[in-house]
Amino acid sequence: MDVATQILISGLTLGAVYAVSTIGLALIFGALNMLNMAQGGLLALGGYIAMWAMQAMGWPAPLAALAAMAAGSLAGGLIFVAAARPMLGGEGFETRIFIATIGIGLMLESVILKLFGPQPQAQSLKLEGGIMLGQVNLPWQNALIFGTALLMLVLVAGMLNRSRLGRAIRATSMNRDAAQLMGVPIRRIYLTILMLSGALAALSGIMISSMSGLLPNMGADPMLKAFIICVVAGLGNVPGAALTAFAIGMLEAVIQYIFGVQYAFAILLCLVIAVLIWRPQGVFGQKEVVRL
Amino acid sequence: MIRSPVRRDVVIALVLFLLMLAVPLLTGTRYVLTQLTVFFIWAVVASQWNLVLGVAGIFSLAQMALFAVGAYATAMLAYYIGLMLPAAMLLAALVTVGVSLVIGFACLRLKGPYVALLTLAIGQVMYLLVVNDTACFTTPASGCLPLFGGARGFSRFGDLGFRDLLGSKWYVGHYYTGLVLLLAAQLFCIAIIHGPLGLAFRGLRDNPGLALARGVSRMRYQLWVFGLSAFFTGLAGAFHAAHFGVVGPTAFAFAMLLFILAMIVVGGLGTTWGPLIGAALLMWADEGLREVSDWREIGIGLVLAGCVILFPKGLAGIRLRFSQGRGQRPDAPPAPPPHTKPV
Amino acid sequence: MSLLEISGLEVAYGVQRVIRGISLTIKEGEFAALVGPNGHGKTTVLRAISGLARARAGEIRLDGKALTRARPDRIVAAGIIHVPQGDLLFPGMSVLDNLRMGAYLPEAARDEARRLDEVFTLLPKLRDRQTQTASTLSGGERRMVGIGRGLMAGGRILMLDEPSLGLAPIVIDQIYELVQALAKSGRTILVVEENAIRIADMADRMHLLDNGAIAWSGTGQEFLSSPEIFATYLGG
């Protein structure tokens, strides 16, 4: 029973962290057909900015988190303006933007490395202590992560489903040409999506670093996981991605408990490969009919 | 115009080969020759990856994993079974082909970005399995050795025999081995790009409907290119292992993957000579930047992003814009259908 | 008075000129038709007018205001509404949300309720289907949503790209009854249609597009009564 609670706590926390960064990726892919490989750099950026704001600037935690999200959304916006916009509509966009964002991510991580050094650091934005639930300790930090993530998911879902902007984003993902014919300024929508996704990545980076510490390349594994979640859900499917994130988080917690931490990622990847061979379009993806 | 692009490319390849043959006679510097040997290895990997990525349109990021398979298989065959290295290398290349076919079967039904992420994940799984395996398979004098070498990898599994043959000049032997390997790989590229497979892919890109209607099966052709190019990629990995005498998990490193991707992108995706130009240029730049090595990563990032944004067809593409070689530019826009041309 | 003026319009895909310098004018309240065989650039003309395809040369003016090479959203805001070929509905949205997307721009959005009511009066079937997801509709229903979505935008001129494409004959008749009703109510309409004979007795003016250029312009009656155009057209 206690073991189950323990697994539940760590699974839900992992799932929450994954969900926050994954929905951003799913939004970007849905609207632009773009895999943002700079996501890992954005995660690190968020973590470091929050730490820096608290350590060097002495800002309170909420302000530090906002500063990190602002920096993330700025970086996301820059990725659109500098890389995605010049090649929009060009030949081989998907391949080229993939490679370009790899380059941008590399630069981002290198700059962080130069500024903050290669040694691991602790995330300052972190709650200490916890509460005992029966025999199990629930750290406040986990509760904070879960609460914040849930709040973010509700806000994003509300924005997508209820607001005019959200309808425009969904319309753009469903049919770019048609959205333009409705008067949707799709470039502005793209910019908004990348900025939103950058802010979510920064927030997710704070959460990740509060659990495993800060490193310039801390984003690499979480980014791969986020992409895997997107792929399992079906690329571009936002609600599916959020659900899958929690499922994968739980699964990872279970695997960690049974097989040990060092095998968790490898086993997870094998499962994902199996899922994809069984359903190439993702669990929530529609089978696509190729029209010529 | 009767000038055949195949013949021209073969002639270029042979002329370059002859020039490179003469290099050890002109300069005896070990540094230059070993650098060039490493260049041959990466040029092979880049040229084969270019076939997969630029010609067949398979968005595979498994190339470094295949490279590592070639290297590991060589080391393991030599270490555990005691095979002679040349035999182990050839066998390792075949093992790589086998692994690539398994990966191909799993991935090629998927669409572009899915293939990229899945192949990246496969490489990552291999890396994690190698590094996290701590159970001792054998215990040589140096201590515990896991089946796949663990985090330390393999060393002391023999060499190509040039030390006995050439003494202190053994690296010249490696130089020529690498050069022959590159020539073979490049001739293979030319054959693929100008041959029936290249034609089929051009057809699939320019007019998928017609190509499919004529029985061109994309996946079957992709599998062919994927498997055949894995032979040379594996061989390059095998030669890398033989040249350096060690194999470790760094063979899977993402940084190396990016470095080679940058070579292809800078040189020109899908072109015959782009990957070689890119490999030469990037290795040269990398050497130059060694002094300021902490700027290296930023430099590679900038080169990757900048080239893709500014020169979508790479350096070879810029030059070819003015040339008329049709076959060299598989990524050129389709020629206008003749019947709609104004008379 | 001419509402839409196109002069010397050229569109190219790569090196291939698809539209080779066409000029035409559409008057306020006119029902115009652009006809011609498949693959001769009719859809490209509409896409160029609404900004989805880039014009390489020429000018497009609405009410004398130049719109050449403007972004599609600016062109919609200026009042050119394009109902694209094959509907291009938002498949995952309900019929209602699809219609509301039509009134995306602020000016239309302020008037959304009234326009929605108008569309439902004109197309009562959509009122019953408003909560249904667009991807589950039949071909005729999809076409109605597409046109309804265009009407929600209001605008000065409604461009319909092959509204009869892929529909059963009885549904085609219904769609063209609707188009005719819209024309009678004073809307300016530009229809692209492959089947020139079907449209000839409805349209005020016909423009025959042949190999990327306007080969002939005149009234529908002239089109039907001119044996040589008829023959050339059917022969070509």
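Reader: Which residue in S8(C) stands opposite Leu34(C)?
Author: Start with the pairing of the two strands (a strand is a DSSP run of E with at least two residues, and a helix one of H or I with at least four, numbered from the N terminus). Strand S3 (residues 31–35) and strand S8 (residues 188–193) of chain C pair in the parallel sense over five bridges, and pairing means that DSSP finds at least two bridges between two strands. Across from Leu34(C) in S8(C) you will find Val192(C).

Reader: What kind of model is this?
Author: Residues are numbered from 1 along each chain as its sequence is written, while chains are lettered from A and ligands numbered from 1 in the order in which they are written. Side-chain values use heavy atoms, with hydrogens and water left out; local features need pLDDT of at least 70, side-chain atom pairs count only at pLDDT 80 or more, totals for chains, interfaces and linings use all residues, and the model is predicted.

Reader: What is the bridge partner of Ala32(C) in S9(C)?
Author: S3(C) also pairs with strand S9 (residues 205–210) of chain C, in the parallel sense and over four bridges. Within S9(C), Ala32(C) has as its partner Arg205(C).

Reader: Which residues of S3(C) lie on the side that holds Leu34(C)?
Author: All five of the five residues of S3(C) are buried, so the strand is largely enclosed by the rest of the structure; buried means under 20% relative accessible area with a 1.4 Å probe and protein chains only, exposed over 50%, and partly exposed in between. In a regular strand the side chains alternate between the two faces of the sheet. One side of S3(C) has Phe31(C), Ala33(C) and Val35(C), and the other has Leu34(C) and Ala32(C).

Reader: What is the bridge partner of Val83(C) in S7(C)?
Author: Strand S6 (residues 80–83) of chain C is covered on both faces, with Ile80(C) and His82(C) buried on one side and Ile81(C) and Val83(C) buried on the other. Four bridges join S6(C) to the parallel strand S7 (residues 157–161) of chain C. In S7(C), Val83(C) is matched with Leu160(C).

Reader: Which residue in S4(C) stands opposite Leu4(C)?
Author: Chain C has an open, antiparallel sheet of four strands in the order S2-S1-S4-S5. Its edge strands, each pairing on one side only, are S2 (16–27) and S5 (65–66). Strand S1 (residues 2–13) and strand S4 (residues 55–62) pair over six bridges in the antiparallel sense. Facing Leu4(C) in S4(C) is Leu62(C).

Reader: How many of the 14 residues of H11(B) are buried?
Author: This helix reaches 20 Å from its first C-alpha to its last, close to the expected 20 Å, where the expected span is 1.5 Å times one less than the number of residues. Its buried residues include Met256(B), Phe259(B), Ile264(B) and Gly267(B). H11(B) is largely enclosed by the rest of the structure, because its buried residues number 12.

Reader: Which residue follows H11(B)?
Author: Gly267(B) is one of the buried residues of H11(B). Just after the helix comes a residue with a positive phi, near 130°, namely Gly268(B).

Reader: How far apart are the C-alpha atoms of Met182(A) and Ile9(A)?
Author: Met182(A) sits in the loop between helix H7 (176–181) and helix H8 (186–212) of chain A. At 5% relative accessibility, this residue counts as buried. Along the chain, Met182(A) and Ile9(A) are 173 residues apart, and their C-alpha atoms are separated by 45 Å.
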